[in-house]
Amino acid sequence: MGMTDPLADMLTRLRNANKAKHEKVDVPTSNFKAHVARILKDEGYIKNYKVIKDGKQGTLRIYLKYEGETKRQIISGLKIVSRPGLRRYVPKNEIPPVLRGLGLSILSTSKGVLTDKEARKMNVGGELLCSVW
């Protein structure tokens with residue numbers, strides 16, 4: 001049986017690995033998840049990611065990032081906003097800030113998967129996928 005919300009599964013795996021202070025986490029890959037991982041890397045929430053091809057679906061390996069010798073977590077929170085049972089769409093002028101601009105929202109727009117800041121700059125709205133802080 002297929003998974004109903006692959007993005008929620010990815011973020012849950014990330015959240016759990018982050019709390020357990022793992023170095024990396026593996027997730028079944030898709031182009032959509034790779035775009036979300038790219039945004040997390042560009043914004044400094046994860047060290048790196050790579051797609052491992054195995055002839056089947058493939059694996060997205062995400063390397064987590066910690067601060068200092070005590071391994072203080074960079075990602076302090078991940079929240080799914082839109083889910084299969086309740087999609088959340090926001091127009092371009094109503095994209096909410098996360099923690100007054102300290103966090104970020106990830107949106108799926110007509111211009112691709114973008115952060116809230118990029119969507120405001122490009123003047124597009126879309127489906128509000130998740131928030132990270």
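Author: Two strands pair if DSSP finds at least two bridges between them. Strands are DSSP runs of E of at least two residues; helices are runs of H or I of at least four; both are numbered from the N terminus. This is a predicted model: local features need pLDDT of at least 70, side-chain atom pairs count only at pLDDT 80 or more, and totals for chains, interfaces and linings use all residues. Residues are numbered from 1 along each chain as its sequence is written, and side-chain values use heavy atoms, leaving out hydrogens and water.

Reader: How do you know that strand β1 and strand β3 pair?

Author: Count the bridges. Strand β1 (residues 24–28) and strand β3 (residues 59–64) share five, in the antiparallel sense. Pairing needs at least two, so these strands pair. In one of the bridges, aspartate 26 meets arginine 61 of β3.

Reader: How do you know that β2 pairs with β3?

Author: Six bridges join strand β2 (residues 46–52) to β3, and the two run antiparallel. Among the partners, tyrosine 49 faces isoleucine 62 of β3. Isoleucine 52 has threonine 59 of β3 as its partner. β2 and β3 form a hairpin with six residues between them. Glycine 55, in the turn, has a positive phi of about 85°.

Reader: Why do β1 and β2 stand at the edges?

Author: The order in this open sheet of three strands is β1-β3-β2. β1 and β2 each have a single partner strand, so one side of each has no neighbour in the sheet. Neighbouring strands are turned by 20° against each other on average, direction ignored (axes are lines fitted to C-alpha atoms, for helices over the stretch in contact; angles run from 0 to 180 degrees between N-to-C directions).

Reader: What makes α1 count as packed on the sheet?

Author: Contact, meaning heavy atoms within 4.5 Å. α1 touches β1 and β3, and its direction makes about 165° with that of β1. α2 packs on the sheet too, touching β1, β2 and β3. The direction of α2 makes about 155° with that of β2.

Reader: Why does threonine 29 count as buried or exposed?

Author: Buried means under 20% relative accessible area, exposed over 50%, partly exposed in between (1.4 Å probe, protein chains only). Threonine 29 has 10% relative accessibility, so it counts as buried. Threonine 29 sits in the loop between β1 and α2. Beyond its neighbours within four places in sequence, threonine 29 is in contact with Val51, Gln57, Gly58, Thr59 and Leu60.

Reader: Why does arginine 100 count as exposed or buried?

Author: At 83% relative accessibility, arginine 100 is over the limit, so it counts as exposed. Arginine 100 lies in the loop between β7 (89–90) and β8. Arginine 100 has a positive phi of about 55°, although it is not a glycine.

Reader: What makes asparagine 123 partly exposed?

Author: Asparagine 123 has a relative accessible area of 48%, so it falls between the two limits. The loop between α3 (116–122) and β10 holds asparagine 123.

Reader: What makes a set of residues a nonpolar core?

Author: Buried Ala, Val, Leu, Ile, Met, Phe, Trp, Tyr and Cys residues, joined through side-chain atoms within 4.5 Å, make one. The largest here has 25 residues; Met10, Leu14, Leu40, Ile62 and Ile106 touch the most other members. α1 gives the most to this core, with five residues. Leucine 14, leaving aside its neighbours within four places in sequence, is in contact with Val25, Leu40, Ile62, Leu64 and Leu78. A second, separate core of eight residues includes Val81, Ile95, Ala119 and Leu128.

Reader: How do you know that the charged end of lysine 71 sits over the ring of tyrosine 66?

Author: The rule asks for NZ of Lys or CZ of Arg within 6 Å of the ring centre and within 35 degrees of the ring normal. The charged end of lysine 71 sits over the ring of tyrosine 66, 5.0 Å from its centre.
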